[in-house]
Amino acid sequence: MENSIVLSIAIPTYNRKSELKETLDSVLKQAQECVEVLVCDNASTDGTQNMMKEYEGRVTYHRNKENIGPDANFLKCLERAKGKYVHWLSDDDLLMPGAVKHILDLIRKEQPEYIHLNTVDFEQKDAVCADCPRIVLKDDLITCEKTKYMDYIGAYITFLSGIIIKKESFMKIANAESYIGTNFIHAHIVLDILKGEGKKVIITAAPCVAVRVNNGGGYDIFRVWVREYKRLLLGSGVKNGFDKAKMRELFLHDMKTLLVGLVFSARTRETGFRLHGRMMLLRETWYYPSMWLRVYPIVFLPKGLLRWVAERRKWV
C-alpha cells in the first residue's frame, strides 16, 4: 500500500543508460518492501526507455514528454515519490551495501527532518573503498543545531545523492519552483525545510553512497559556484535562520578552496574563461579582501605564470 512506503529512492536521469543500470542494480540488491524505487527520465534519447523495460514491476518509471531541465526534474521526483521520506540519488552514483537498512533504521528510530548520507569517491564500481569518507565522523551525527550541522556539511549540502528529506516537510514549501534554474534547487529545499529551530538533522558516519568522479561538468563555473552558491548560503541560508557570519565564512572558505581548484583545473585544460564569468566573480566578491589574495590570481594571471606561481605557493 502507498502509505506503507517509508522511503522512496528517486533517481532523476538523462542520457546515462549504462550508469543508470549500475545505479539501479546497486539499489535493487538491497530494496525492501517498504522502499519505492523511482526513475524520472528527462526525455532521454539513448535507449533508456527501452532498458527500463527490464525493471518492470521492480521500479516505478516516469518519462517526461520533453526535457524540462535538471532542476524541474528533481522536483518531479519529489512530486511523484510516494514514500514518507525521499532520497534523491544521482543516476551515476551507487548505493553502498547495507545503506538502505541503515537509512530505514535511522528513520524509524529518530524521525529526522533531513538525513545527509556520507559518501566516498570511485572511478570503477569494482574498486569502491569505504575507508575514505568525505566527512570524517566517529559516529552518526544527530543534532538540532544549525551551526554544528553547517560546520560538518559545508559545500556537501549541494551534493544531490546525499540528501534524504521528509516528503511532508517538502509539501509545506510554497515556492519550490522559484529555485528552478539555480542548479542548487535541492540544497535550497533542504535549507527551507530546516527553517526555524529544533529540526533534527542526521549526518551518517559510514559512507552510504559511492560517487562517480570525473563524470560531471558542462556548466558555467562562475555562475554556479559564485553567484548561485552565494545566493544559496547568504540568501536562502540566512533567510531560513542560519547564522549570517557562519554562512559568509563558509562561502569565502569554499571560494578559496573549491572554486580555486575548479578554476585552476579548467584553466590548465582550456584557453581561458569568457570575460562575463570573470566580471561576475568581481561583482559578487570584490569587497572580500581574501578574494584578492587567494582567488583572483588564479582567475586573472596568464596561464604560464599561473602554473609557475601555483607550483611554488602550492595554492591548488
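**A buried threonine, two nonpolar cores and one cavity**

In this predicted model, the side chains of Thr-13 and Asp-91 meet in a polar contact of 2.8 Å. Thr-13 belongs to strand β1, which covers residues 7-13. Its relative accessibility is 2%, below the 20% cut-off, so Thr-13 counts as buried. Beyond its neighbours up to four places away in sequence, Thr-13 touches Leu-20, Val-39, Cys-40, Asp-41, Asn-42, Ser-44, Thr-48, Asn-73 and Asp-91. Asp-91, the polar partner of Thr-13, is thus listed here among the residues that Thr-13 touches.

A little further along the chain comes Lys-17, in helix α1 (residues 17-28). With a relative accessibility of 31%, which lies between the 20% and 50% cut-offs, Lys-17 is classed as partly exposed. When residues up to four places away in sequence are set aside, Lys-17 touches Asp-46, Gly-47, Thr-48 and Met-51. Thr-48 also appears among the residues touched by Thr-13. For a sense of distance across the model, Lys-17 can be set beside Arg-267: the two are separated by 250 residues in sequence, and their C-alpha atoms lie 31 Å apart in space.

Attention now turns to the interior. The largest nonpolar core contains 65 residues, and those with the most contacts inside it are Tyr-149, Ile-165, Ile-189 and Tyr-229. Helix α9, spanning residues 244-269, supplies the largest share of this core, with ten residues. A second core, separate from this one, has 33 residues, including Met-51, Val-100, Phe-159 and Val-211. Met-51 is also one of the residues touched by Lys-17.

Tyr-149 deserves a look of its own. Leaving out neighbours within four places in sequence, Tyr-149 is in contact with Tyr-114, Thr-143, Ile-157, Val-190, Leu-194, Val-201, Ile-203 and Phe-242. Tyr-149 also helps to line the largest cavity.

On the subject of empty space, rolling a probe the size of a water molecule over the atoms reveals where such space remains. In this structure there is one cavity of 30 Å³ or more, and the volume of the largest cavity is about 50 Å³. Its lining is formed by Cys-144, Glu-145, Lys-146, Tyr-149, Leu-194, Gly-196, Glu-197, Gly-198, Lys-199 and Val-201. By type, the lining residues divide into four nonpolar, two polar and four charged. Leu-194 and Val-201 are part of this lining, and both are also contacts of Tyr-149.

How values were computed:
Residues numbered from 1 in each chain as written. Predicted model: local features only at pLDDT ≥ 70, side-chain atom pairs only at ≥ 80, totals over all residues. Heavy atoms only, no water. 1 Å grid on protein atoms, 1.4 Å probe; cavity = no way out; pocket = protein on both sides within 12 Å on 5 of 7 lines; lining within 4 Å. Points joined across faces, edges and corners; volume = space filled by probe spheres on them. Nonpolar A, V, L, I, M, F, W, Y, C, P; charged D, E, K, R; others polar. Core = buried A, V, L, I, M, F, W, Y, C linked by side-chain atoms within 4.5 Å. Buried < 20%, exposed > 50% of the residue type's maximum accessible area, 1.4 Å probe, protein only. Helix = DSSP H or I, 4+ residues; strand = E, 2+ residues; numbered from the N terminus. Contact = heavy atoms within 4.5 Å. Polar contact = N/O pair within 3.5 Å; in protein donor to acceptor, adjacent residues only side chain to side chain.
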